[in-house]
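Biologist: Could we go through this model together? I would like to start with how the helices pack and then move on to the charged pairs.

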Amino acid sequence: MATASSLFLASSPISTAPRTRTGPAASCPPSARPSLRLRQRPSPAVAAAVQAEHQPAVAAAPKPPALPFRVGHGFDLHRLEPNLPLIIGGINIPHDRGCEAHSDGDVLLHCVVDAILGALGLPDIGQIFPDSDPRWKGADSSVFMREAVKLMHEAGYELGNLDATLILQKPKLSPFKETIRSNLCDLLGADPSVVNLKAKTHEKVDSLGENRSIAAHTVVLLMRK
């Protein structure tokens with residue numbers, strides 16, 4: 001099982017630069033063909049500098065009982081604001097607004113991280129990577145994902161399967177779902193057959209249905225190696 005110092009990555013690249021708002025002209029026009037791209041990750045030197053300063057945020061957790069399987073649930077929600085990038089599963093989705101958050105606001109990856117941590121009986125993402133820490137300002141959420149996966153393996157588990165549901169009114173995610181799922185599989189080191197992704201609207205009800213927020217639920221099954 002991981003020690004406190006293992007709660008932070010030794011080599012995963014971390015983006016510490018704040019996200020900047022773009023002008024209205026930069027938003028994707030309805031007639032434009034969607035263009036997907038992975039977020040560009042910073043140099044290893046940035047990650048090394050952050051790691052050198054980092055102190056453990058939580059005490060070492062006790063080793064979980066050697067159960068044959070463990071189940072975890074994750075939930076996350078972010079407010080949508082104009083002229084911010086919309087990052088879902090590590091993919092930049094064309095939209096006229098994005099998530100207001102301390103890091104990159106990737107609601108799906110945050111949700112998956114919390115599901116894995118919950119299955120392991122560990123503190124949640126907000127305790128390990130607090131939004132009060134300026135080092136996580138604008139951070140790429142793949143950093144958090146890689147740490148959660150590392151903790152899973154150190155505890156002696158592997159992913160059995162994962163089922164995630166995104167809830168948002170706009171934009172429609174059907175053109176992007178397979179790209180998002182493929183990147184999620186890469187981050188998890190998992191076969192696509194055990195990773196499922198669904199997207200639902202909120203029938204124009206409350207902030208989710210009014211395109212003012214985005215949410216995600218994730219359930220994971222971890223199997224003893």
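Modeller: H2 lies across strand E1 (69-82), E5, E6 and strand E7 (213-224), and runs at about 155° to E1. Axes are lines fitted to C-alpha atoms, for helices over the stretch in contact, and angles run from 0 to 180 degrees between N-to-C directions. Helices (H or I, at least four residues) and strands (E, at least two) are DSSP runs, numbered from the N terminus. This is a predicted model, in which local features need pLDDT of at least 70 and side-chain atom pairs count only at pLDDT 80 or more, while totals for chains, interfaces and linings use all residues. Residues are numbered from 1 along each chain as its sequence is written, and side-chain values use heavy atoms, with hydrogens and water left out.

Biologist: And which strands does H4 lie across?

Modeller: H4 lies across E5 and E7, at about 145° to E5.

Biologist: What is the order of the strands in the sheet?

Modeller: The order is E4-E1-E7-E5-E6, in an open sheet of five strands with mixed pairing. Two strands pair if DSSP finds at least two bridges between them. Strand E4 (97-100) and E6 stand at the edges; each has a single partner strand, so one side of each lacks a neighbour in the sheet. The twist averages 25° from one strand to the next.

Biologist: How many bridges join E5 to E6?

Modeller: Six bridges join them, and the two strands run parallel. Leu166 stands opposite Ala199 in E6.

Biologist: Back to H2. What does Leu108 touch?

Modeller: Beyond its neighbours within four places in sequence, Leu108 is in contact (heavy atoms within 4.5 Å) with residues including Ile88, Leu166, Leu184 and Thr218.

Biologist: Now the charged pairs: how many salt bridges are there?

Modeller: A search of the whole structure finds six. A salt bridge is a side-chain nitrogen of Lys or Arg within 4 Å of a carboxyl oxygen of Asp or Glu. One of them joins Asp163 and Lys198 at 2.8 Å, N to O. That pair links distant parts of the chain, with Asp163 in strand E5 (residues 157-167) and Lys198 in strand E6 (residues 195-200), 35 residues apart.

Biologist: What about Lys150 and Glu147: is each buried or partly exposed?

Modeller: Lys150 is partly exposed because its relative accessibility is 25%, whereas Glu147 is buried at 2%. Buried means under 20% relative accessible area, exposed over 50%, and partly exposed in between (1.4 Å probe, protein chains only). Their closest N and O atoms are 3.3 Å apart.
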